[in-house]
Amino acid sequence: MLLNAARGNPDDSTRLLADMGLSPEYFDRVVRTGERSREQCTKDDPKNARGTQDYLARVRELRFLLRTELGWKRYDPKQAPLIVNPDKTIAIGVLLGDARTGLPGNPQPRSQRPAGITKEAAVARNQNLQQLSLFTPAAGPDEVHLDDDEYANLATWYLLTRRTEGRKSNIVEIRSELSLPDRVGPKGRIDSWRARILLPAVRIEKIQDYTGDHAASYVVDVQER
């Protein structure tokens, strides 16, 4: 039976993440760290600098948290940064998604960019998995090396995120989900997911000041009303 919490029930998401030794709080910290990293950029940076900083910070924070707190291990097949559980059965990477990311129901989200060779190989492995192994992580070394059998049995999930800014407000919303890809579409984008675990959206009020040489930005949590 496939894991799925794509109906948006927070209790289901929390339970399924707990079965994997995880919790929504880890991913909340990852998303917020990525958003804060955008503060480093100024108008002198390339236009894509904020998004690049955000992505790099999400990868770094995800791997740091799971490595230092849960004993997961870094894995970098062909420059694709992943973090792998101690049992070598689950890996997690980071992807950008389209406007359907973090929303229940169909159509399912697509990856924003083409998957690339390494991610396509991960999808092919996921298609061949008969079932998902769930476990309690244990401590281990920082790096992991997988033999052919271990690599073949690795289920590669992705933290899929979508960031939107309000046109008439300073509210930024980041929706996310932890999902297991099942298919790469004709344009090279992942467009079908074997399992989706929706995560709570992060809403932040963002204020920017570009009056000086360096950008000053501040983020404040938006309370639910």
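Student: Which residues of α2 meet α3 in this predicted model?

Tutor: The model is predicted. Helix α2 covers residues 24-37, and α3 covers residues 49-70. On the α3 side the residues met are Q53, D54, A57, R58, E61, L62, L65, L66, E69 and L70. From α2 they are met by Y26, F27, R29, V30, T33, G34, E35 and S37.

Student: At roughly what angle do the axes of α2 and α3 cross?

Tutor: Two packed helices are described by the angle between their axes and the distance between the axes. For α2 and α3 the axes come within 8 Å. The crossing is right-handed, and its angle is roughly 145 degrees.

Student: Is L70 buried or exposed?

Tutor: L70 is found in helix α3, and it is among the residues that meet α2. Its relative accessibility is 16%. Buried means under 20%, so L70 is buried.

Student: What distance separates the C-alpha atoms of L70 and L22?

Tutor: Along the chain, L70 and L22 are 48 residues apart. In space, their C-alpha atoms are separated by 8.6 Å.

Student: In what order do the helices and strands follow one another from the N terminus?

Tutor: The protein chain has five helices and seven strands. Read from the N terminus on, the elements run α-α-α-β-β-β-α-α-β-β-β-β.

Student: In which sense do β3 and β4 pair?

Tutor: Strand β4 comprises residues 155-165, and seven bridges link it to β3. Within this pairing, I90 stands opposite A155 of β4. The sense of the pairing is parallel.

Student: How many residues lie between β4 and β5 in their hairpin?

Tutor: Strand β5 spans residues 171-184 and runs antiparallel to β4, with eight bridges joining the two. One of the partners in β5 is E177, which bridges to L160. The hairpin formed by β4 and β5 has between its strands a number of residues equal to five.

Student: Which peptide bond is cis?

Tutor: Most residues other than glycine have a negative phi, and most peptide bonds are trans. P107 is found in the loop between β3 and α4. The bond leading to P107 has omega near 0 degrees, and it is the cis bond from N106 to P107.

Student: What is phi of K88 near?

Tutor: K88 sits in the loop between β2 and β3. At 21% relative accessibility, K88 counts as partly exposed. Its phi is positive although the residue is not glycine, with a value near 60 degrees.

Student: Why does S111 count as buried?

Tutor: S111 lies in the loop between β3 and α4. Leaving out residues up to four places away in sequence, S111 touches L95, L96, G97, R189, I190 and W193. S111 counts as buried because its relative accessibility is 2%.

Student: Which backbone atom does the side chain of S111 reach at 2.9 Å?

Tutor: I190 is one of the residues that S111 touches. At 2.9 Å, the side chain of S111 reaches the backbone nitrogen of I190.

Student: What percentage of the residues in the protein chain is buried?

Tutor: The accessible surface of the chain comes to about 12200 Å², with 47% of that belonging to carbon and sulfur atoms. Among contacts with a separation of 6 or more, 64% come from residues 24 or more positions apart. Out of 225 residues in the protein chain, the buried share is 48%.

Methods: Residues numbered from 1 in each chain as written. Predicted model: local features only at pLDDT ≥ 70, side-chain atom pairs only at ≥ 80, totals over all residues. Heavy atoms only, no water. Helix = DSSP H or I, 4+ residues; strand = E, 2+ residues; numbered from the N terminus. Buried < 20%, exposed > 50% of the residue type's maximum accessible area, 1.4 Å probe, protein only. Polar contact = N/O pair within 3.5 Å; in protein donor to acceptor, adjacent residues only side chain to side chain. Contact = heavy atoms within 4.5 Å. Areas by Shrake-Rupley, 256 points an atom, 1.4 Å probe, with all protein chains shown as cover. Pairing = 2+ DSSP bridges. Axes fitted to C-alpha atoms, helices over the stretch in contact; angles between N-to-C directions. Left-handed = near helix turned anticlockwise from the far one by under 90°.
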